Amino acid sequence: SSPSCVFTAFATKQSIITSTMRILLLLSVMIAGASAYVVGGSAFTGYGMATLQQAPPTTISRTKSNLDMMRHRKGFKKLGKPADQRKALLRALTTEVIRHGRIKTTLVRARAVRKHVDHMITLGKRGDLHARRQAMSWVYDKNLVHALFDAAPERYGDRNGGYTRVLRTVPRQGDNAKMAVIELV
């Protein structure tokens with residue numbers, strides 16, 4: 001109860017608060033420093049510390065990531081597949097459209113295969129040996145190529161392109177994917 005005892009207790013309490021503040025400051029500096037080494041940047045902003053320090057904050061959109069950028073002037077849709085699987089899918093869809101005249105598939109696939117079906121019909125209208133060999137290298141069924149080359153000049157002789165039609169239908173039940181019917185005109 002002497003004044004020196006009270007001063008000593010106050011000084012001890014003050015040193016505990018000061019040391020606690022130093023520990024918290026040290027931890028926050030360590031966490032901030034460690035986030036600069038995260039590959040791909042912070043999980044909250046989508047940008048690394050180096051990116052934030054190089055550009056002024058007014059030019060960085062913190063709500064969008066680089067994945068939302070548009071594919072301007074890109075040549076074709078990738079369909080979520082590697083090149084070999086994409087080619088096999090487009091060849092199979094082309095073969096089935098020519099065989100059945102109409103198939104139901106997703107909208108993106110229908111738009112992607114339209115180019116190849118039109119090209120096969122153009123080759124069929126040409127009718128020469130080189131065109132026939134080109135069509136056989138793409139279409140899986142050899143007899144289907146012969147039938148296409150027999151029927152295409154009469155059926156599409158007066159039409160210059162636009163041999164297929166893509167019609168949108170109701171979305172798919174399981175995943176709500178946009179569906180379409182691609183058919184020969």
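**Exercise 1. Decide whether lysine 74 is buried or exposed in this predicted model, and describe where it lies.**

Solution. Begin with the relative accessibility, which for lysine 74 is 52%. A residue counts as exposed when its relative accessible area is over 50%, and lysine 74 is therefore classed as exposed. Next, place the residue along the chain: lysine 74 sits in the loop that runs between α2 (49-54) and α3 (83-100). Finally, consider the charged residues that gather with it, since Lys74 belongs to a surface patch of positive charge whose other members include Arg71, Lys77, Lys78 and Arg111. Arg114, Arg168 and Lys178 also belong to that patch.

**Exercise 2. Work out which strands pair with β3, and in what sense.**

Solution. Start from the order of elements, which from the N terminus reads α-α-α-β-α-α-α-β-β, giving six helices and three strands. Then take the partners in turn: β1 (residues 102-106) pairs with β3 in the antiparallel sense over five bridges, and within β3 it is alanine 180 that stands opposite threonine 105. Strand β2 (residues 164-168) likewise pairs with β3 in the antiparallel sense, over five bridges, and valine 166 has isoleucine 182 of β3 as its bridge partner.

**Exercise 3. Determine how many residues of β3 are buried, and on which faces they lie.**

Solution. Count along the strand, residues 179-184, where six of the six residues are buried. Then separate the two sides: Met179, Val181 and Glu183 lie on one face, while Ala180, Ile182 and Leu184 lie on the other, and both faces are covered. For the chain as a whole, 26% of the 185 residues count as buried.

Technical notes. Residues numbered from 1 in each chain as written. Predicted model: local features only at pLDDT ≥ 70, side-chain atom pairs only at ≥ 80, totals over all residues. Heavy atoms only, no water. Patch = residues over 30% accessible without salt bridge, like charges linked within 9 Å, V, L, I, M, F, W, Y side chains within 5 Å. Areas by Shrake-Rupley, 256 points an atom, 1.4 Å probe, with all protein chains shown as cover. Salt bridge = Lys/Arg side-chain N within 4 Å of Asp/Glu carboxyl O. Lys, Arg positive; Asp, Glu negative; His and termini not counted. Charge placed at Lys NZ, Arg CZ, Asp CG, Glu CD. Helix = DSSP H or I, 4+ residues; strand = E, 2+ residues; numbered from the N terminus. Buried < 20%, exposed > 50% of the residue type's maximum accessible area, 1.4 Å probe, protein only. Pairing = 2+ DSSP bridges.
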